[in-house]
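I set out to record what I looked up in this structure, beginning with charged pairs and moving on to the interior. The entries follow in the order in which I made them.

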Amino acid sequence: MPLTTDPRAALRGGLPDRYLTPQDIAEIFGVPVETVYQWRRKRTGPPGFRVGKHVRYDPADVRTYVTQCKQQDQAVA
């Protein structure tokens, strides 16, 4: 299996061995990085946490967030 730096592939293949950056989140969801920061300010996106001045995301929390979004979407449909 080839090594990849694509965060989406890492999430599909299992949890990566590192916390995700806002840039990773933007790439995973296909949105601008500023949208990720807006989600954080509004508390509407995946939960993140601070490490000093840096924001990081636990891949398990991102997966839970996606699952919850899917469930809410299916409940509305």
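Entry 1. I looked up the partner of R41 and found a salt bridge with E34, the closest N and O atoms being 2.8 Å apart. I note that the model is predicted. I then checked the accessibility of both residues. R41 is exposed, at 57% relative accessibility, whereas E34 is partly exposed, at 42%.

Entry 2. I asked how many salt bridges a search of the whole structure finds. The search returns two. Besides the pair of R41 and E34, I recorded one between the side chains of D24 and R18, with an N to O distance of 2.6 Å. Here D24 is buried, at a relative accessible area of 10%, and R18 is partly exposed, at 39%. I added a general remark: side chains of opposite charge can pair when their charged atoms come close.

Entry 3. As D24 lies in helix α2, I went through that helix, residues 22-29. Its buried residues are P22, D24, I25, A26 and I28. I kept in mind that an α-helix has 3.6 residues a turn, so residues three or four places apart point the same way. Just after α2, I noted that G30 takes a positive phi of about 65 degrees.

Entry 4. Which residues make up the largest nonpolar core? I listed eight: L20, I25, A26, I28, V36, V55, Y57 and V62. Helix α2 gives the most to this core, with three residues.

Entry 5. I took V36, a member of that core, and looked up its contacts, leaving aside neighbours within four places in sequence. V36 touches P22, I25, A26, V31 and Y57. Of these partners, P22, I25 and A26 are among the buried residues of α2, while Y57 is listed in the core along with V36.

Entry 6. I turned to the chain as a whole. I counted four helices and two strands, and from the N terminus on the elements run α-α-α-β-β-α. The chain has 77 residues, of which 25% count as buried.

Entry 7. I looked up how contacts are spread along the sequence. Among contacts with a separation of 6 or more, 39% join residues 24 or more positions apart.

Entry 8. Finally, I noted the surface. The chain exposes about 5700 Å², and carbon and sulfur atoms supply 52% of that area.

Notes
Residues numbered from 1 in each chain as written. Predicted model: local features only at pLDDT ≥ 70, side-chain atom pairs only at ≥ 80, totals over all residues. Heavy atoms only, no water. Salt bridge = Lys/Arg side-chain N within 4 Å of Asp/Glu carboxyl O. Buried < 20%, exposed > 50% of the residue type's maximum accessible area, 1.4 Å probe, protein only. Core = buried A, V, L, I, M, F, W, Y, C linked by side-chain atoms within 4.5 Å. Contact = heavy atoms within 4.5 Å. Areas by Shrake-Rupley, 256 points an atom, 1.4 Å probe, with all protein chains shown as cover.
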